[in-house]
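This report goes through a single protein chain, element by element. The sequence and the model are shown first, and the description follows.

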Amino acid sequence: MELQMLETERVRLSLVEEKLLDVLQLLQQLRDLNVSRRSLGRILLSTLESCSDPQHGKAHILEVLNALYHELAACEILSSGGPLQQTQSQQSLNTLIISC
């Protein structure tokens, strides 16, 4: 029983680590595209606010990382269109709605 719990926790931590690496990679790509720190901060804070539910505990961490990953990926898609679309994507961050 204890071995099974350890294996479950190992798998959970592996998933969290993988998603965290994905999020960090997206953050770096967006910084390379000159997306402002302010815009990235807004995405992060918006994600954290929309996913704030202290009752979920450990399992909630992966959900937050998934939501953050999707929001950053959406920003990257908009940013890859060039300077005009990058400006538009930064303006649209004010109306960002995230669901977890």
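Leu 20 is partly exposed, at 38% relative accessibility, where buried means under 20% relative accessible area, exposed over 50%, and partly exposed in between (1.4 Å probe, protein chains only). Leu 20 belongs to helix α1. Its C-alpha lies 8.7 Å from that of Leu 62, although 42 residues separate Leu 20 and Leu 62 in sequence.

The model is predicted: local features need pLDDT of at least 70, side-chain atom pairs count only at pLDDT 80 or more, and totals for chains, interfaces and linings use all residues. Residues are numbered from 1 along each chain as its sequence is written, and side-chain values use heavy atoms, with hydrogens and water left out.

**Confidence and layout**

The mean pLDDT (the predictor's confidence in each residue, from 0 to 100) is 78 for the protein chain, and 68% of the residues score at least 70. Helix α1 has the highest confidence, with a mean of 93, while helix α4 (residues 83-92) has the lowest, with a mean of 42. Over residues 82-100 the pLDDT stays under 50, and the model has 30 contacts beyond four places in sequence for this stretch. A contact here means heavy atoms within 4.5 Å.

The protein chain contains four helices and zero strands, in the order α-α-α-α from the N terminus. Helices (H or I, at least four residues) and strands (E, at least two) are DSSP runs, numbered from the N terminus. Of the 100 residues in the protein chain, 28% are buried. Among contacts between residues at least 6 apart in sequence, 75% join residues at least 24 apart.

**Helix α1**

The 31 residues of α1 should span 45 Å at 1.5 Å a residue, and the end C-alpha atoms are 45 Å apart, which agrees. The expected span is 1.5 Å times one less than the number of residues. Buried positions in α1 are Arg 12, Val 16, Lys 19, Val 23, Leu 26 and Leu 30.

The structure holds two salt bridges, each defined as a side-chain nitrogen of Lys or Arg within 4 Å of a carboxyl oxygen of Asp or Glu. They are listed below with their placement.

| Salt bridge | N to O distance | Placement |
|---|---|---|
| Glu 7 and Arg 10 | 2.6 Å | both in α1, three residues apart |
| Glu 9 and Arg 12 | 2.8 Å | both in α1, three residues apart |

For Glu 7 and Arg 10, the spacing is about one turn of the helix. Glu 7 is partly exposed, with a relative accessible area of 38%, and so is Arg 10, with 47%. In the pair of Glu 9 and Arg 12, Glu 9 is partly exposed at 25%, whereas Arg 12 is buried.

What is the nearest side chain of opposite charge to Lys 19? It is Asp 22, 4.2 Å away, and Lys 19 is buried yet has no salt bridge. For charge, Lys and Arg count as positive and Asp and Glu as negative; His and the chain ends are not counted. Leaving aside neighbours within four places in sequence, Lys 19 is in contact with Leu 62, Leu 65, Asn 66 and Tyr 69.

**The loop after α1**

Asn 34 sits in the loop between α1 and α2. Its phi is near 65°, a positive value in a residue other than glycine. Most residues other than glycine have a negative phi. Asn 34 is exposed, at 61% relative accessibility.

**The nonpolar core**

A nonpolar core is a set of buried Ala, Val, Leu, Ile, Met, Phe, Trp, Tyr and Cys residues joined through side-chain atoms within 4.5 Å. The largest one has 12 residues, namely Val 16, Val 23, Leu 26, Leu 30, Val 35, Leu 40, Ile 43, Leu 65, Leu 68, Leu 72, Ala 73 and Cys 75. At least two residues of this core come from each of α1 (2-32), α2 (37-50) and α3 (58-79). Helix α3 gives the most, with five residues. In soluble globular proteins, nonpolar side chains tend to be buried together.

Within this core, Cys 75 is in contact with Leu 30, Val 35 and Ile 43, leaving aside neighbours within four places in sequence. Ser 39, a residue of helix α2, is buried at 3% relative accessibility. The C-alpha atoms of Ser 39 and Cys 75 are 9.6 Å apart, with the two positions 36 residues apart in sequence numbering.
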